[in-house]
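The following note sets out several points on helix packing, backbone geometry and cysteines. It is arranged as numbered paragraphs for ease of reply.

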Amino acid sequence: LFVGLSRNTLGAYRRYVTEMDEALKDYDQAYEHFVEVNDYYWRAKCLCARGETYRRLASSAWEKEHDASEIQEYVEKARKDIQESLYLCEKYQLEDERDTAYRRLGRLSHDLGLMAFGRGEVKQAQEKLEEAYGYFKRGLEYAQNTQEALEELENLTELAFLADDSVVFYEREPIPEYYRRAVNELEEGLQGHKKDPRR
């Protein structure tokens with residue numbers, strides 16, 4: 001278990017410094033250890049983190065205008081890992097990890113919306129934005145239920161990013177009201193936690 005935790009931490013570090021290929025190797029090894037010791041909680045966390053790494057690789061490949069098949073492969077790997085993480089969370093009632101899994105699915109949908117908009121597929125971009133909104137709202141709900149203040153604020157922030165992009169995606173149409181409210185809801189969330197004790 002501790003070897004797995006160490007590998008998982010290395011994966012997180014390497015993801016933060018954008019050494020994505022090395023991060024994937026660490027997460028792969030960490031996951032093997034967590035399977036070996038039958039630890040569902042850390043399996044879920046590791047899968048979610050590895051999925052986020054694949055998501056970032058997809059986003060980076062898109063920004064660098066790599067081949068569509070490469071981007072799609074990363075997207076599918078990201079979705080598979082994050083959905084498997086969510087499955088473990090729901091099967092074993094791992095309440096404090098569900099918010100992260102939903103948030104990361106939301107990020108993936110948001111990215112796909114940006115990619116669709118870049119291809120001129122405005123309707124699909126709006127649909128992906130809507131899908132992302134649903135995921136972030138679910139993540140927010142779990143974060144509030146488990147009183148995870150950081151996750152609550154992260155989901156609120158992601159919703160505000162959607163509001164920002166909705167201005168572009170709905171350029172010639174009325175913007176749905178729930179996107180307009182997102183920025184105010186983030187402000188209210190920040191104010192609500194302003195006097196939280198330090199942890």
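1. Helix α1 passes helix α2 in a left-handed crossing. In this predicted model, α1 spans residues 2–16 and α2 residues 20–36, and their axes come within 8 Å and cross at roughly 160 degrees. The two helices are therefore roughly antiparallel to each other. On the α1 side the contact is made by Val-3, Gly-4, Leu-5, Arg-7, Asn-8, Leu-10, Gly-11, Ala-12, Arg-14 and Arg-15. Met-20, Glu-22, Ala-23, Asp-26, Tyr-27, Gln-29, Ala-30, His-33 and Phe-34 make it on the α2 side. Sorted by class, this contact holds nine nonpolar, five polar and five charged residues.

2. Two backbone positions deserve a remark. Most residues other than glycine have a negative phi. Thr-18, in the loop between α1 and α2, has a positive phi, near 60 degrees. Thr-18 is exposed, its relative accessible area being 60%. Gln-147 likewise is not a glycine and has a positive phi, of about 55 degrees. Gln-147 sits in the loop between α6 (122–145) and α7 (149–169), and at 68% relative accessibility it counts as exposed.

3. How are α3 and α5 oriented relative to each other? Their axes lie 10 Å apart and make an angle of about 15 degrees. Because this angle is under 35 degrees, α3 is roughly parallel to α5. The crossing of α3 past α5 is left-handed. From α3, the residues that meet α5 are Tyr-41, Lys-45, Cys-48, Ala-49, Glu-52, Arg-55, Arg-56, Ala-58, Ser-59 and Trp-62. Their counterparts in α5 are Asp-96, Glu-97, Thr-100, Ala-101, Arg-104, Arg-107, Leu-108, Asp-111, Leu-114 and Met-115. By class, the contact of α3 with α5 comprises nine nonpolar, two polar and nine charged residues.

4. Cys-48 belongs to helix α3 (residues 40–63) and is one of the residues in the contact with α5. At a relative accessibility of 0%, Cys-48 counts as buried. Leaving aside neighbours within four places in sequence, Cys-48 is in contact with Ile-82, Ser-85, Glu-97, Thr-100, Ala-101 and Arg-104. The C-alpha atoms of Cys-48 and Leu-105 are separated by 9.4 Å, although the two residues are 57 residues apart along the chain.

5. How many disulfides does the model contain? The count comes to zero. Cys-48 is in no disulfide, and the nearest cysteine sulfur, that of Cys-89, is 7.1 Å away. Cys-89 is in no disulfide either, with the sulfur of Cys-48 as its nearest cysteine sulfur. A disulfide requires the two sulfur atoms to be within 2.5 Å, so the 7.1 Å between Cys-48 and Cys-89 does not qualify. Cys-89 is buried, with a relative accessible area of 0%.

6. The packing of α5 against α7 should be read next. The axes of α5 and α7 are 11 Å apart, at an angle of about 15 degrees. The two helices are therefore roughly parallel to each other, and their crossing is left-handed. Asp-99, Thr-100, Arg-103, Arg-107, His-110, Gly-113, Leu-114 and Phe-117 represent α5 in this contact. In α7 they meet Glu-151, Glu-154, Asn-155, Glu-158, Phe-161, Leu-162, Asp-165, Val-168 and Phe-169. By class, the contact has six nonpolar, four polar and seven charged residues.

7. Within that contact, is Arg-103 buried or exposed? Arg-103, which is found in helix α5 (residues 95–118), counts as buried, at 3% relative accessibility. With residues up to four places away in sequence not counted, Arg-103 touches Phe-136, Glu-151, Glu-154, Asn-155 and Glu-158.

8. Glu-158 lies in helix α7 and is among the residues that Arg-103 touches. At 10% relative accessibility, Glu-158 counts as buried. The residues touched by Glu-158, those up to four places away in sequence again being left out, are Arg-103, Arg-107 and Phe-136. Phe-136 is thus listed for Arg-103 and for Glu-158.

Technical notes: Residues are numbered from 1 along each chain as its sequence is written. This is a predicted model: local features need pLDDT of at least 70, side-chain atom pairs count only at pLDDT 80 or more; totals for chains, interfaces and linings use all residues. Side-chain values use heavy atoms; hydrogens and water are left out. Buried means under 20% relative accessible area, exposed over 50%, partly exposed in between (1.4 Å probe, protein chains only). Axes are lines fitted to C-alpha atoms, for helices over the stretch in contact, and angles run from 0 to 180 degrees between N-to-C directions. Helices (H or I, at least four residues) and strands (E, at least two) are DSSP runs, numbered from the N terminus. Angles under 35 degrees count as roughly parallel, over 145 as roughly antiparallel, 65 to 115 as roughly perpendicular and the rest as oblique. A crossing is left-handed if the near helix is turned anticlockwise from the far one by less than a right angle, and right-handed if clockwise. Contact means heavy atoms within 4.5 Å. Ala, Val, Leu, Ile, Met, Phe, Trp, Tyr, Cys and Pro count as nonpolar, Asp, Glu, Lys and Arg as charged, and the others, Gly among them, as polar.
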